[in-house]
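User: Please take a close look at the helix packing in this structure. I would like one connected account of the core and the helix contacts.

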Amino acid sequence: MEALARFGFELGVLKRIRRAGWWQAGVRDPESVAEHTARVAQLAGLLAAEGGADPAKAAYLALWHDTQETRTGDLPHTIKGFVEKPDPRAITAAQTASLPGAARDSVRDAVDEYESAESPEALYARDADKLEMLLQAVEYRDVGVRNVDEWIASATKSLQTDLARRVAEAALTLSSLSWRVR
């Protein structure tokens, strides 16, 4: 149980790691990796439910998609060409090495499925990651951050499912304040 507690403390680091790419857009206090992950998991569950896949499984995959950043920090896309992207499976294996078997296997299997991007749940979880970035960009744009177009374009281009593309189209026609009860 000590290993689970230690891993719990490690996961807490995600609450303090800021999404680094947004600093390049001029955001002074970007959201944390944990904040990003929460909305990714919620969106993954919603997409999977609408798409006829398992929402709980999609949300679970999404919960683990960035946990490796406790060891690497959040690496912006501008590292390409300078630093090789760390292997999420290898980092997860190191992170979970001391966990009891069922917990270890559950996390490793989730990361492997997410990275393999073959199951419907993994596709929805991956699309949720991109949709979350798109929504965050729109939110930042709506409060005056001007340099978000490349994030919106990148997110839109990366979407793999028709359902996620339709959500992105809808999001781009709305203000981030449109959710408020009328």
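Analyst: Here is the packing, starting with the core and moving out to two helix pairs.

This is a predicted model, where local features need pLDDT of at least 70, side-chain atom pairs count only at pLDDT 80 or more, and totals for chains, interfaces and linings use all residues. Residues are numbered from 1 along each chain as its sequence is written, and side-chain values use heavy atoms, with hydrogens and water left out.

The largest nonpolar core has 42 residues. Such a core is a set of buried Ala, Val, Leu, Ile, Met, Phe, Trp, Tyr and Cys residues joined through side-chain atoms within 4.5 Å. Buried means under 20% relative accessible area, exposed over 50%, and partly exposed in between (1.4 Å probe, protein chains only). Trp22, Leu47, Leu131, Leu134 and Val148 have the most contacts inside this core. Helices that each supply at least two of its residues include H3 (33–51), H7 (101–116), H8 (120–142) and H10 (162–172). Helices (H or I, at least four residues) are DSSP runs, numbered from the N terminus. H8 gives the largest share, 10 residues.

Now take Leu47. Leaving out residues up to four places away in sequence, Leu47 touches Tyr124, Asp127, Ala128, Leu131, Leu163, Ala164 and Val167. Contact means heavy atoms within 4.5 Å.

Leu47 also belongs to a helix pair. Leu47, Glu50 and Gly51 of H3 meet Leu163, Ala164 and Val167 of H10. These residues divide into 4 nonpolar, 1 polar and 1 charged. Here Ala, Val, Leu, Ile, Met, Phe, Trp, Tyr, Cys and Pro count as nonpolar, Asp, Glu, Lys and Arg as charged, and the others, Gly among them, as polar. The H3 and H10 axes are 10 Å apart, at an angle of about 120°. Axes are lines fitted to C-alpha atoms, for helices over the stretch in contact, and angles run from 0 to 180 degrees between N-to-C directions. H3 and H10 are therefore oblique to each other. Angles under 35 degrees count as roughly parallel, over 145 as roughly antiparallel, 65 to 115 as roughly perpendicular and the rest as oblique.

The second pair is H6 (residues 88–96) with H7, packed at about 170° with axes 10 Å apart. That makes H6 roughly antiparallel to H7. Pro88, Arg89, Thr92, Ala93 and Thr96 in H6 meet H7 residues including Arg104, Val107, Arg108 and Glu115. The contact holds 4 nonpolar, 3 polar and 5 charged residues.

Finish with Thr96, which lies in H6. Thr96 is buried, at a relative accessible area of 0%. Beyond four places in sequence, Thr96 touches Phe7, Arg104, Val107 and Arg108.
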